[in-house]
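Biologist: I'd like a close look at one part of this model, the small sheet and whatever sits around it. Could you walk me through it, and then put it in the context of the rest of the chain?

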Amino acid sequence: MGQGLSCARSGPEHEFFAAVQAGDLELVEGLLAAEPPLVHRTTVYDRLSALHIAAANGRIEVLSMILDRSVRPDLLNRHKQVMGLQCFSASVEPFGTPLMLAAMHGKIACVEKLLQAGANILTFDSLHGRTCLHHAAYYGHSDCLQAILSAAHSNPVAESWGFARFVNVRDGDGATPLHLAARQKRPECVHLLLDNGALACASTGSYGYPGSTPLHLAARGGSLDCVRELLAWGADRQQVDASGRIPYVVALKRNHGACAALLNPASAEPLVWPSPLKFISELNSDAKTLLERALTEANRQREKSILKGTACTLPSPSHSDDGIDDDTSEASDTELCCICFDQPCTIEVRDCGHQMCAHCTLALCCHNKPNPTTLCVSAPVCPFCRSSIAQLVVAEAKVEAKEERDRDGPWKLPRSRKSSRSLSDGGSSSFKGLSSAMGSFGKVGRGSGKSAGNSGMADKP
Ligand SMILES: [Zn+2]
Ligand SMILES: [Zn+2]
């Protein structure tokens, strides 16, 4: 992009900009000592200041030094808001702020430093009307995206705008950061944005084909991982763009067979992350990781059966199967889940203390259809004791539990409460709905799951 030195001036300015680009702190300091106004100069053609050049090239030391000289982090390049640059005309400047350049080039240290220095996250560049969030998403720098989203929670500008509005901010063509990430095949960014409230079903204005949703754009790009993410967050396979096409048709036309198979409205529905549930939105990161992995795995089982009949080969998934296998074996000394008898208990329900595996927890939460008379989604209850779920946490490992047992005596653990309560409350009835829900996993424990489940519970220590 030439943030740099195209048509730079001659003499000390050229040397100065070259030193900034190369990250030569000593030389930059020396030149600034001799001629302090250099810090406000810009390159002739690109109108880039030293701060822009340092940000784009990830020169964190130079960037910090310039910021320490109380240069504002938002040297705008457009209109006449530019500090100290009155000598230049207000020509359209395509490159935006230093923060945008750092986000575009994935220079996370510079992004963080600029955010700390109070850089405005709600500035739009003049070329496409995009924010730093758009640029991070487009270029697929999920670390920068995360840093900007974190800053947005406390940033006064985003506060006045509202966080949800900031996440779904549109560029000049009506594209949100999620549209760009989906089009550019950036599944990590797609995931992060969805997790932060990006609307899976938003339509673009004129970006891409008019009226495209992120799912249309992922279909067009042929990114199976993006399609997976979007479907798992509830993107609608039936939503049409302005020319009346559903994402399935777009994928077919572009010859993306595997994407098309998943997008075919006739193929099985994927499990959707139950984000509206309060205790799901409040999950701690460990429990969330477990449940997200279970979702991915469950949907992959579904993909296998969908793709079995087609000629498509399944490209290797973004997460390797090895990780999941490792996890299972690591947890092999924990108790088996009393519902499926297949997976270890990894999730504990608060406050009752009952435990089950991540797959069963997810099935419990995902298959909770709205009540047909009230259309309200009722929150699921603990399948063992039917008490309401206040929180889901990662179940403590057995080793730890044992130590605690040695220390506190054998019957002070929540687990001991569980067996007695589930017996007296007749937990068996709540198993029926759940085990039918579990059907979608394709690995519903071993054979007579239901009756085994009951006796298994009674046998618990
Ligand atoms: Zn289970
Ligand atoms: Zn319970």
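To start somewhere concrete: which residue in strand 2 is the bridge partner of E348?

Modeller: That's Q355: it is the bridge partner of E348 in strand 2. Keep in mind that we're looking at a predicted model.

Let's build the sheet outward from that pair. Strand 1 and strand 2 pair in the antiparallel sense, over 2 bridges. Strand 1 covers residues 347-350, and it also pairs with strand 3, again in the antiparallel sense, this time over 4 bridges. Put together, the 3 strands make an open sheet in the order 2-1-3, with antiparallel pairing. Strand 2 (355-356) and strand 3 (391-394) are at the edges with a single partner strand each, so one side of each has no neighbour in the sheet. As background, strands of a sheet pair through backbone hydrogen bonds, either parallel or antiparallel.

For the register on the strand 3 side, you can use two pairs. R350 stands opposite Q391 in strand 3, and V349 has L392 of strand 3 as its bridge partner. If you want to think about side chains, the general rule is that in a regular strand they alternate between the two faces of the sheet.

Now the turn. The hairpin of strand 1 and strand 2 has 4 residues between the strands, and one residue there, G353, takes a positive phi near 90°. D351 is also in the loop between strand 1 and strand 2, and the backbone is worth a look at that point: the peptide bond from R350 to D351 is cis, with omega near 15°. So the R350 that stands opposite Q391 in strand 3 is also the residue that leads into the cis bond.

Next, what packs on the sheet? Helix 18 does, touching strand 1 and strand 3, and its direction makes about 85° with that of strand 3. Helix 18 runs over residues 285-308, and it packs against helix 20 (residues 358-366) too, at an angle of about 80° with the axes 9 Å apart. That angle makes helix 18 roughly perpendicular to helix 20. From helix 18, the residues in this contact are L290, L291, R293, A294, L295 and A298, and they meet A358, H359, T361 and L362 from helix 20. By class, the contact of helix 18 with helix 20 has 7 nonpolar residues, 2 polar and 1 charged.

That's the part you asked about; now for the rest of the chain. The UniProt record, an unreviewed entry, places the feature "repeat: ANK" at residues 46-78, 97-126, 173-198 and 210-242. Taking two of those spans, residues 97-126 are 53% helix and 0% strand, with the end C-alpha atoms 10 Å apart. Residues 210-242 come out at 52% helix and 0% strand, and their end C-alpha atoms lie 6 Å apart.

Two helix pairs from elsewhere in the chain are handy to set beside the perpendicular one. Helix 13 (residues 214-221) and helix 14 (residues 224-232) pack at about 160°, with axes 8 Å apart. At that angle, helix 13 is roughly antiparallel to helix 14, and the crossing is left-handed. Here P214, L215, A218 and A219 of helix 13 meet C226, V227 and L230 of helix 14. The contact of helix 13 with helix 14 divides into 7 nonpolar residues, no polar and no charged.

The other pair is helix 2 (residues 25-34) with helix 4 (residues 60-68), packed at about 25° with axes 9 Å apart. This time the angle makes helix 2 roughly parallel to helix 4, and helix 2 passes helix 4 in a right-handed crossing. L25, V28 and E29 from helix 2 meet E61, V62 and M65 from helix 4, which gives 4 nonpolar residues, no polar and 2 charged.

One last backbone detail, if you're scanning torsions: N255 has a phi near 70°, a positive value in a residue other than glycine. You'll find N255 in the loop between helix 15 (247-253) and helix 16 (257-263).

Methods. Residues are numbered from 1 along each chain as its sequence is written. Chains are lettered from A and ligands numbered from 1 in the order in which they are written. UniProt positions are given in the numbering used here, feature names are shortened, and annotations may be inferred rather than shown by experiment. Axes are lines fitted to C-alpha atoms, for helices over the stretch in contact, and angles run from 0 to 180 degrees between N-to-C directions. Angles under 35 degrees count as roughly parallel, over 145 as roughly antiparallel, 65 to 115 as roughly perpendicular and the rest as oblique. A crossing is left-handed if the near helix is turned anticlockwise from the far one by less than a right angle, and right-handed if clockwise. Two residues are in contact if their C-beta atoms, placed from the backbone, lie within 7 Å. Ala, Val, Leu, Ile, Met, Phe, Trp, Tyr, Cys and Pro count as nonpolar, Asp, Glu, Lys and Arg as charged, and the others, Gly among them, as polar. Two strands pair if DSSP finds at least two bridges between them.
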